[in-house]
Amino acid sequence: MIEFLIQVAVIGGLIASAILVYSFRDLLAAALAGGFFSFLVSLEFYILQAPDVAISQAAIGAGLTTAIFIIAIRSTTRFEEETP
Amino acid sequence: MRMSKIVRTGACILYPLIIVFGLYVVVHGHLTPGGGFQGGAVIATAAALVLVAFSHADIAGMVRKIVFSAQESLGLLLFIGAGILGLLAGAPFFANILANSGLLFGLAVPPGSNPGDLNTAGVIPIMNIAVGVEVWGGLAIILMYLFSATGGEGA
């Protein structure tokens, strides 16, 4: 039962962080929300007893991908312009 | 553009801890979850942390790209060398000739349930270490080329 509640909480966090990625105008905050999404996916892999995949997801998804996004945002602009 | 002093100090404190955890995942690849690829990706995350925290001029003063390129080639050579080691002993390619031999990583696995002995499994830890070194160098050089292509400057 407790495991079911944890999975419901993780899936709710996944949906919330995905909506945050879509709705942020600040691209740095959107990249960090994407990193938090990957962290929750890694937590879900660990709950489903795949710690091997969880380590890969935490390192690649939450670490390297967020770093690549931050490097790209530092080279361009941080705030998204209003579309005409 | 470099980040604030808080970010730079935090990156310098976290950098050795992340590298030690990544090396733990690599070396214990035959005992615990994880292995060469996962540990190498964790260590590359430490390089990404330093790349994000410092400016382009600082990174150019710290390390050159040829180091990571040579490290990637060294990992691949070590992996192929571990395979040819079996051929030199008269066994098939990638034969596990070091297991139960008493040499490097050569002890026998103790019977029954036990916490795991690091000094077992023969060629497999050597292949894990080779893959870890190769993934470390490969992912770090991808990040460094991206970082230098964008110049690390901007708004």
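The expected span of a helix is taken as 1.5 Å times one less than its number of residues, where helices (H or I, at least four residues) and strands (E, at least two) are DSSP runs numbered from the N terminus. This is a predicted model, in which local features need pLDDT of at least 70, side-chain atom pairs count only at pLDDT 80 or more, and totals for chains, interfaces and linings use all residues. Residues are numbered from 1 along each chain as its sequence is written, while chains are lettered from A and ligands numbered from 1 in the order in which they are written.

Let's start with two helices of chain B. A residue counts as buried if 20 or more other C-beta atoms, placed from the backbone, lie within 10 Å of its own.

| Helix | Residues in helix | Expected span | Distance between end C-alpha atoms |
|---|---|---|---|
| α2(B) | 18 residues | 26 Å | 26 Å |
| α5(B) | 27 residues | 39 Å | 39 Å |

For α2(B), 16 of the 18 residues are buried, so this helix is largely enclosed by the rest of the structure. α5(B) is mostly covered too, with 19 of its 27 residues buried.

How does α2(B) sit against α1(B)? The axes, lines fitted to C-alpha atoms over the stretch in contact, come within 8 Å and cross at roughly 170 degrees. That makes α1(B) roughly antiparallel to α2(B), the word for angles over 145 degrees between N-to-C directions. Residues are in contact if their C-beta atoms, placed from the backbone, lie within 7 Å; here the contact includes L14(B) and I18(B) of α1(B) and V42(B) and L49(B) of α2(B). By class, the contact residues divide into 16 nonpolar, six polar and one charged; Ala, Val, Leu, Ile, Met, Phe, Trp, Tyr, Cys and Pro count as nonpolar, Asp, Glu, Lys and Arg as charged, and the others as polar.

The largest nonpolar core (buried Ala, Val, Leu, Ile, Met, Phe, Trp, Tyr and Cys residues joined through C-beta atoms within 7 Å) has 39 residues. α3 of chain A and α1, α2, α4 and α5 of chain B each supply at least two of them, and the largest share, 14 residues, comes from α5(B). Not counting residues up to four places away in sequence, A44(B) touches L64(A), V135(B), W136(B), L139(B) and A140(B).

Now for the partner. Chain A has three helices and zero strands, and its C-alpha trace spans about 50 × 25 × 15 Å along its principal axes. Of its 84 residues, 23% count as buried. The contact takes 18 residues from chain A and 22 residues from chain B; the chain A side has ten nonpolar, five polar and three charged residues.

Definitions and conventions. Two residues are in contact if their C-beta atoms, placed from the backbone, lie within 7 Å. A residue is buried if 20 or more other C-beta atoms lie within 10 Å of its own, exposed if 12 or fewer, and partly exposed in between; C-beta atoms are placed from the backbone. Axes are lines fitted to C-alpha atoms, for helices over the stretch in contact, and angles run from 0 to 180 degrees between N-to-C directions. Angles under 35 degrees count as roughly parallel, over 145 as roughly antiparallel, 65 to 115 as roughly perpendicular and the rest as oblique.
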